[in-house]
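Reader: I am new to this structure and would like a close look at a single part of it, the place where two chains meet. Please take me through it in one connected answer.

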Amino acid sequence: MRTVHTYHVEKMRRTLDEAFTTSFSGLKVIIAEGECQLERQRRIKPWIAGLLKTGKRVVRVKYGVDEDVCSGDHACIRLSGCPTLTLKDSPDPLRVDPVATVIDGCVGCGLCGENAHAATLCPSFYRAEVIRNPRLDERIIDGLRGSIMRWLQTA
Amino acid sequence: MNLAARRPVTLLICALGGEGGGVLAEWLVETARQCGYSAQSTSIPGVAQRTGSTTYYFEVFPVPIAELAGRKPVFSLYPVPGALDVLVSSELLETVRHIGNGMASTDRTLVVTSSARTLTTAEKLQLADGRAPSGELLNVVKRYSRDARIFDMAAVAQETGTVLSAVLFGAIAGSGALPFPREAFEQTIRKSGKGVDASVRGFARSCEMVAQGPAVVTPTASKPRAKAAMPAELAGEFPVATHEMLAAGYSRMLEYQDQDYAQLYVQRLTRILAAERAVDPAGLGNFATSSETARYLALWMAFDDIVRVADLKCRASRYERVRTEVKAAPEEVLRIYDYFKPGVPEFAALLPAGFAATLIRWDRRRQQAGKSALALPLKLATHTLSGFLILRTLASLKWLRRRGSRFAVEQSMIERWLAGVEQGTRSDWQLGHEIALCGRLIKGYGTTNESGKENLLHVLDHLAVAGSFPSVAARAGAIRAARVAALADDAGKALDHALVQHGAPARPVKAQAVMWVKKRPGQAA
């Protein structure tokens, strides 16, 4: 018996592979569990609103697609039915097909990125964590990083 | 008053999940009740995740209960085609879906719809561009309604900081179809007690927009894209019609590699232009073959490899863009994580051909033995200095790219495609144009990219060069059909079908490792 988090796609695939190929004979059970993301939103929304009201530190997660790295083949969408993973016109004048984009409704479950990773699709996905009311040390480190990077960066 | 001649006012509302259609239906009933009218509302749920809207059907009898002398109107539980007074919808395709079901009629129905689109899964998963053209959808709305009010409800909701239910409510009030004053609608919102100010703002804006009468709606034009610059002497050599693609391609080459590479790009394009000028000196085809070749040649020559992706990911503009996309305020700290999974082919791409071939063979043997392809899953914290420096270092490996095995392979494939475009153009303009457009088949990374190139070369070998066709036009038609089929499904079944239909062999079947799992005797389940 194995318990796997439903959002860990790669691990889930390995577990299924194992279940089919193991020499163990007898009943094999995989418990796939993971909280419904909409349910989770309902659960944490009031709690986060409370934290923000008192000026506490809150981390918000959102996924995104780099519009210039995406080549618009939509393989990620064929794997994920997420309503916030959709299309927009490519900003690149050379590309005619629309590129993938993550819109504001994203709740940061990360399944789109997990899929792309497990199926070795492309490096377009990123995970962004926005820290509201960051601690002093976080702000200082962020400032330092920013100034060094700006010095090294290209446009 | 002849009561028998009066019929209920009928209203059908379509809303997507999460847009507050349920609340809206309650608001309507509440407003009717407050104004002293009898009304009824029913609803039919749609299916989850953008596969259909939930519909709410509302009927109100346009005579106050007080004047009915105790008689009660009989309402219908569901909408009847052709018997709708108002069709209100928050999404354009859903509106058209219901018009397609016959709900709207040209003598009776006022259609109030959003021009905004929420793409359906079927539209999104196309390999190319499966989005339904909004212009055609708008034409259907205008043609099959008595009158139409069309505006972007999603934009109104966003600008006024409210949700779609308030905007839809305003649209219904503004249509004047219901026998209630505007104040009665507003009163209902105020009584609901949640986010009242924003809701009233959204309500008011939408109410006024609908009451104003039909506005001229044009499908939202895409943003104008930045124009690239190119040397003046280059502009002189090429016709104006090709300039947009040429400039974009030229600057892409400079950014991707160097001046020499950009020069090679121009040389290659000059060949195609010469061929096109030979068959179409007057430019009747608007130099579309050269233009499209300029587009796809640039994309192919700037093929995505580790170096390119690292370069795109560590630019200052990228950090700024992510910040805007995730709506991070200036005082908030942003962390970015990038996921990479370079496999053996990605590393081999940057190695010399001999060494790369050995490595790929070794990886292929592993896969044939039933092992999964070797790849290095990485989660890189791009916001940290170390993460940034790794990307910066990889991005500086441009010099390695030219010496890598993939560079040579891509160049030889590009040459084959270009030769096809050139020869095709010289025999017939249309044929060259179709072959040039086949550049669209190449996209994606890893295996997606590989199969795109294989498809292109297969079409080139068997339809553009070999095979017998009654005319050049038939050949061009076959190539067009194959291209469309290749973009229709990523498994390639449609492509194989199209190939066979035009007398070409289907693509060779690829060997796939089949794994047998032995069970020890006596242990059978």
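Reader: Which residue of S7(B) does Ala128(A) stand opposite?

Author: In this predicted model, Ala128(A) stands opposite Ile336(B), a residue of S7(B). That pair belongs to a wider arrangement, in which strand S6 of chain A, residues 125-132, and S7(B) pair in the antiparallel sense over six bridges.

Around these strands lies an interface in which 70 residues of chain B are in contact with 67 residues of chain A. The size of an interface is often given as the accessible area lost when the parts come together. Here the area buried between chain B and chain A is about 6,300 Å², and carbon and sulfur atoms give 51% of that area.

Turning to polar links, the rule finds 29 residue pairs in polar contact across the interface of chain B and chain A, with both residues at pLDDT 80 or more. On the side of chain B that touches chain A, at least two residues each come from helices H3 (121-124), H10 (243-256), H12 (288-301), H13 (306-313), H14 (316-325) and H17 (385-395), and likewise from strand S7 (333-340). Of these elements, S7(B) gives the most to that side, with eight residues. By residue class, the side of chain B that touches chain A divides into 33 nonpolar, twelve polar and 25 charged residues.

As for charged pairs, the rule finds 15 salt bridges across the interface of chain B and chain A. Glu67(A) forms a salt bridge with Arg321(B), and the closest N and O atoms of that pair are 4.0 Å apart.

Definitions and conventions. Residues are numbered from 1 along each chain as its sequence is written. Chains are lettered from A and ligands numbered from 1 in the order in which they are written. This is a predicted model: local features need pLDDT of at least 70, side-chain atom pairs count only at pLDDT 80 or more; totals for chains, interfaces and linings use all residues. Side-chain values use heavy atoms; hydrogens and water are left out. Contact means heavy atoms within 4.5 Å. Buried area is the accessible area (1.4 Å probe) that two parts lose on being put together, summed over both. A salt bridge is a side-chain nitrogen of Lys or Arg within 4 Å of a carboxyl oxygen of Asp or Glu. A polar contact is a pair of N or O atoms within 3.5 Å; within protein, one must be able to donate a hydrogen and the other to accept it, and residues adjacent in sequence count only if both atoms are side-chain atoms. Helices (H or I, at least four residues) and strands (E, at least two) are DSSP runs, numbered from the N terminus. Ala, Val, Leu, Ile, Met, Phe, Trp, Tyr, Cys and Pro count as nonpolar, Asp, Glu, Lys and Arg as charged, and the others, Gly among them, as polar. Two strands pair if DSSP finds at least two bridges between them.
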